[in-house]
Amino acid sequence: MASGDSFYITTPIFYVNDVPHIGHAYTEVAADVLARWHRQSGDDTWLLTGTDEHGQKILRTAVANETTPKAWATKLVEEAWQPLLQTIDMSNDDFIRTTEERHETGVQRFLQHLYDEGHIYAGEYEGFYCVGCEEYKQPSDLVDGTGAFEHQKVCAIHSKPVELLQEKNYFFRMSAFQERLLDLYETRPDFIQPESVRNEIVSFVRRGLEDLSISRSTFDWGVKVPWDDDHVVYVWFDALLNYVTAAGYGQDDETLARRWPAVHLVGKDIARFHAVIWPAMLMAAGLEVPKHVFGHGWLLVGGEKMSKSKLTGIAPQDITDTFGSDAFRYYFLRAIAFGQDGSFSWEDLSARYQAELANGFGNLASRVIAMLAKYFDGAVPAAGEETAAEARIHQVVEAAVADADAAISRFAIHEAIASVWTIVDELNGYITEQQPWVLAKDDATRERLGTVLNTTAEGCARSRCCSRR
Ligand SMILES: [Zn+2]
């Protein structure tokens with residue numbers, strides 16, 4: 001990548017009613033590592049995260065808690081989501097709430113533009129609606145209920161009955177974009193990654209796209225449809241727009257032109273929204289589609305998916321309290337092949353922490369720092385004449401940096417870290433071989449001691465890819 005390029009990366013915005021678990025934190029740290037990498041490379045980097053605060057379910061919980069939906073959302077942002085970002089030491093540049101004025105204004109402008117251009121029409125909709133999912137379900141999405149819901153059809157995700165709703169809706173002519181989307185997937189094969197997610201999306205779109213219902217009139221917690229006060233914008237349509245409203249859409253064209261398009265990191269279960277609906281919306285608005293949509297795998301605990309509705313969650317703080325946020329970030333991106341499903345276990349975390357961070361990198365860094373302090377008053381000495389051993393280190397470092405850079409550009413974060421770790425292993429071997437503590441005993445080998453410690457310190461500096469900038 002050329003230094004100075006725009007690198008705008010986003011995470012899905014948190015649904016405020018969720019309880020933060022390591023599944024949320026996993027997406028965040030992945031985006032964080034990519035952003036830190038690009039920042040260090042000198043790119044014009046912008047990392048966005050935020051919260052999704054509209055919809056019927058939030059209205060219902062707020063009412064149940066005897067408060068307003070906005071106050072309810074604010075409480076959750078302050079008590080759950082902002083603290084999560086602190087827990088994992090997230091380096092985000094912005095945090096957008098979908099109830100902010102900058103967002104709501106942008107959503108209305110976007111919608112009005114699509115309406116004026118004929119991409120939106122009024123129609124009648126009847127369907128099975130899952131309040132938990134905030135979406136209408138196809139009959140094929142429903143399963144037989146059990147227990148209290150026996151003999152009823154329930155949402156496969158929430159295991160709760162769906163509601164049969166009929167309403168006047170505004171529809172987005174998404175079907176008109178089917179060919180352009182297929183064309184996009186064809187001409188830009190890396191638009192959707194990884195391959196497994198891409199294949200699934202391509203065959204979904206090939207089966208045919210229907211128009212999308214984008215408004216609701218049965219409740220009023222949402223962004224008002226600008227030409228019809230009785231309707232609020234469908235929560236997904238509203239939420240997806242955060243990626244451009246946070247970058248200035250409708251208010252600051254210069255910033256938007258500078259940042260957009262973005263890279264979207266999402267869980268694979270919501271890749272369809274990001275790789276089908278979202279680019280169709282952008283095409284309709286005459287905006288560029290995202291650079292990439294990357295749908296990462298699920299985090300499994302004891303073989304089960306970390307789900308937002310089944311509260312099997314582990315709080316990220318349970319991990320950072322013991323291991324710290326740097327180890328948290330390192331572990332999840334090192335232990336799991338990014339893109340695939342991966343398992344979390346305390347045993348694996350603890351073992352990697354000990355072997356790789358403490359004995360590998362930690363031991364290396366602390367030995368070097370101790371020797372610099374002891375032999376050179378804490379300063380890094382100049383290197384003298386270099387031998388084949390130093391040439392070998394330089395070679396390993398250069399190769400690691402190039403390999404890691406290439407891996408990052410394909411979102412293979414785990415491979416980037418493995419590349420960087422070749423430096424750690426090589427330097428540990430180099431120290432053992434060069435025995436600087438022996439060189440330190442004789443004034444005649446003082447220059448050689450300087451060379452060895454210089455080489456080691458420089459190498460360490462190049463290997464801190466996942467640590468705080
Ligand atoms: Zn559901």
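In what sense, parallel or antiparallel, do β13 and strand β14 pair, and over how many bridges? In this predicted model, β13 and strand β14 (residues 228-233) pair in the antiparallel sense over 2 bridges, and Val225 stands opposite Asp228 in β14. These strands belong to an open sheet of 3 strands, whose order is β12-β14-β13 and whose pairing is antiparallel. Because β12 (215-216) and β13 (224-225) each have a single partner strand, they stand at the edges, and one side of each is left without a neighbour in the sheet.

## Overall architecture

The protein chain has 17 helices and 19 strands, and its C-alpha trace spans about 90 × 50 × 40 Å along the principal axes. Of the 469 residues in the protein chain, 39% are buried. Among the contacts with a separation of 6 or more, 74% are between residues 24 or more positions apart.

## Strand β1 and the nonpolar core

Strand β1 (residues 6-10) is largely enclosed by the rest of the structure, because 4 of its 5 residues are buried. Its pairing with strand β3 (residues 44-52) is parallel and is made through 5 bridges, with Asp44 in β3 as the bridge partner of Ser6. β1 also pairs with strand β15 (residues 263-267), again in the parallel sense, over 2 bridges, and here Ile9 stands opposite Val263 in β15.

Ile9 is also one of the residues that touch the most other members of the largest nonpolar core, which has 114 residues; the others named are Val29, Ala30, Val233, Leu240, Leu333 and Ile413. Helix α1 (residues 22-40) gives the most to this core, with 10 residues. When residues up to four places away in sequence are not counted, Ile413 touches Ala30, Val33, Leu333, Phe338 and Ile408.

## The annotated binding site

The unreviewed UniProt entry lists Cys130, Cys133, Cys155 and His158 under "binding site". Although these residues span 29 residues in sequence, no two of their C-alpha atoms are more than 8.5 Å apart, so they gather at one spot. Two of the listed positions are set side by side below.

| Residue | Location | C-beta neighbours within 10 Å | Burial |
|---|---|---|---|
| Cys130 | strand β5 (residues 120-130) | 21 C-beta neighbours | buried |
| Cys133 | loop between β5 and β6 (135-137) | 18 C-beta atoms | partly exposed |

Since a residue needs 20 or more other C-beta atoms within 10 Å to count as buried, Cys130 with its 21 is buried, whereas Cys133 with 18 is partly exposed. Leaving aside neighbours within four places in sequence, Cys130 is in contact with Glu135, Lys137, Cys155, His158 and Val162. On the same basis, the contacts of Cys133 are Cys155, Ile157 and His158, so that Cys155 and His158, both listed in the record, appear among the partners of each cysteine.

## Helix α17

At 1.5 Å a residue, the 17 residues of helix α17 (residues 446-462) should span 24 Å, and the end C-alpha atoms are indeed 24 Å apart, which agrees with that expectation. The buried residues of α17 are Leu449, Thr451, Val452, Leu453, Thr455, Thr456, Ala457 and Gly459. The elements that cover these buried residues include α13 (346-376), α14 (388-409), α15 (413-434) and α16 (436-439).

Definitions and conventions. Residues are numbered from 1 along each chain as its sequence is written. This is a predicted model: local features need pLDDT of at least 70, side-chain atom pairs count only at pLDDT 80 or more; totals for chains, interfaces and linings use all residues. Two strands pair if DSSP finds at least two bridges between them. A nonpolar core is a set of buried Ala, Val, Leu, Ile, Met, Phe, Trp, Tyr and Cys residues joined through C-beta atoms within 7 Å. A residue is buried if 20 or more other C-beta atoms lie within 10 Å of its own, exposed if 12 or fewer, and partly exposed in between; C-beta atoms are placed from the backbone. Two residues are in contact if their C-beta atoms, placed from the backbone, lie within 7 Å. UniProt positions are given in the numbering used here, feature names are shortened, and annotations may be inferred rather than shown by experiment. The expected span of a helix is 1.5 Å times one less than its number of residues.
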